[in-house]
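Here is a short tour of a protein model, written for someone new to reading structures. Keep the 3D view open and follow along as we go.

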Amino acid sequence: MLELSNIGKHYDVAGRRVSALSAIDLTLERGSFTAIVGRSGCGKTTLLRIMAGLGSPDTGEIRHDGAAPRIGVVFQEARLMPWLDVSANIAFGLRNRLDHRSIEERVSAILEVTGLAGFRRAMPLQLSGGMAQRVALARALVMEPDLLLMDEPFAALDAFTRRSMQNELVSLWQARRPTIVFVTHDVEEAVMLGETVIELSAGRIVGRKAIDIAYPRDPTGADEALCRRAILARLLSPAEPD
Ligand SMILES: Nc1ncnc2c1ncn2[C@@H]1O[C@H](COP(=O)(O)OP(=O)(O)OP(=O)(O)O)[C@@H](O)[C@H]1O
């Protein structure tokens, strides 16, 4: 669906040239789930922003097959509009695109799928962090994106909520099959979610690992532990880029 070739990006910070991404080659198959993992500052957000069209690369090219994909983005913070209730937050992007009745139908369906049906009239300030993030996910999904870009969306959640959101995301993906790119600094999370894990270090891809483990995955499982170990070994002592 999307092919990035030789993507490079630098920033000028106080007269110093900071390289954020170098020679990134990445192909996203339609319907795939890709996790990108790396330590803070390795360029994950910069890469996601370029995929989303929110930033442009200095070098390289992005190609897509057929029509430009509809892109949805979920950030680390829910970024809800505090003066609108849950259902109006989710419906916001559909205004002026669909008639009232179609919007109602789509929003109701998404509220069910994301377990928010009982919260449609709640205001954002009344929601827990996990619930707010669920609304942010619903708001992206209601637009029926071909490509869902997620930038550490569960990083601020407690471990229990994070685990259930991970499982729900996998179920949603299996049911609807959007193409997902999920950025995280948490190797365990990357192995729980991705069909493929892309290892990013200092702006370069230093490894790509196919995770051949059936969903739902088990963080205490032996295969999962082996995958984590292999990824961590690469990230802690980056070898030559692949
Ligand atoms: N707008 C900007 N101006 C200047 N430098 C930037 C800007 N955005 C990012 N950088 C620099 O580019 C590099 C990559 O940053 P990026 O935010 O993409 O990393 P990250 O892996 O997403 O980090 P984190 O996990 O902490 O969000 C870092 O050195 C960062 O300081």
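The sections below go from the overall layout to single residues.

## The big picture

First things first: this is a predicted model. The UniProt annotation, from an unreviewed entry, puts an "ABC transporter" domain at residues 2–227. Over that stretch, the chain is 32% helix and 28% strand. Its end C-alpha atoms sit 26 Å apart.

The domain assignment cuts the protein up in another way. Domain 1 is made of two pieces, 2–70 and 145–236, while domain 2 covers 82–143. The C-alpha centres of domain 1 and domain 2 are 26 Å apart. Where they touch, domain 1 puts in ten residues and domain 2 puts in six. On the domain 1 side, helix H5 (residues 159–176) gives the most, with three residues. That side of the contact has eight nonpolar residues, one polar and one charged.

## Around the ligand

Which residues are closest to the ligand? They are Tyr11, Ala20, Ser40, Thr45 and Thr46, out of 13 residues that surround the ligand. Three elements give two or more residues to this shell: strand S1 (2–13), strand S2 (16–28) and helix H1 (44–52). H1 gives the most, with three residues. Sorted by class, the shell has five nonpolar, seven polar and one charged residues.

H1 also has a buried side to its story. Lys44, Thr46, Leu47, Leu48, Ile50 and Met51 are buried in this helix. Thr46 is therefore worth a second look, as Thr46 is buried with 20 or more other C-beta atoms within 10 Å and is also among the residues closest to the ligand. What covers the buried residues of H1 includes S1, S2, strand S3 (33–37), S6, strand S7 (179–184) and strand S8 (196–201). Right after H1 comes Gly53, which has a positive phi, near 80°.

## Helix H4, tucked away

How does the length of H4 check out? At 1.5 Å a residue, its 13 residues should span 18 Å, and its end C-alpha atoms are indeed 18 Å apart, so the two agree.

Now look at what surrounds H4. Ten of its 13 residues are buried, so the helix is largely enclosed by the rest of the structure. The buried ones are Ala132, Gln133, Arg134, Val135, Ala136, Leu137, Ala138, Arg139, Ala140 and Leu141. Their cover includes strand S5 (71–74), helix H2 (86–91), H3, strand S6 (147–151) and H5. You've met H5 already: on the side of domain 1 that touches domain 2, H5 gives the most residues.

## Two residues, two settings

Is Leu200 buried or exposed? Leu200, found in strand S8, counts as buried because it has 24 other C-beta atoms within 10 Å, and the cut-off is 20 or more. Leu200 touches Ile36, Val37, Gly38, Cys42, Gly43, Lys44 and Ile205, leaving out residues up to four places away in sequence. Val37 makes a nice example of folding at work on paper: Leu200 and Val37 are 163 residues apart in sequence, yet 6.0 Å apart in space, C-alpha to C-alpha.

Now try Gln126, in the loop between helix H3 (100–113) and helix H4 (129–141). Gln126 is exposed because it has 12 other C-beta atoms within 10 Å, and 12 or fewer is the cut-off. Gln126 and Asp85 are 41 residues apart in sequence and 9.8 Å apart in space, C-alpha to C-alpha.

## Backbone oddities

Finally, a few spots where the backbone is worth a closer look. Glu144 has a positive phi, near 50°, in a residue other than glycine. Glu144 is in the loop between H4 and S6, and is partly exposed, with 13 other C-beta atoms within 10 Å. Ala202 has a positive phi too, about 45°, although it is not a glycine. You'll find Ala202 in the loop between S8 and S9, where it counts as partly exposed with 16 C-beta neighbours inside 10 Å.

Which two residues does a cis peptide bond join? They are Tyr215 and Pro216, with omega at about -10°. Pro216 lies in the loop between strand S9 (204–210) and helix H7 (222–236).

Definitions and conventions
Residues numbered from 1 in each chain as written. Predicted model: local features only at pLDDT ≥ 70, side-chain atom pairs only at ≥ 80, totals over all residues. UniProt positions renumbered as here; feature names shortened; annotations may be inferred. Helix = DSSP H or I, 4+ residues; strand = E, 2+ residues; numbered from the N terminus. Near = placed C-beta within 6 Å. Nonpolar A, V, L, I, M, F, W, Y, C, P; charged D, E, K, R; others polar. Domains from an automatic or database assignment. Contact = placed C-beta atoms within 7 Å. Expected span 1.5 Å × (residues − 1).
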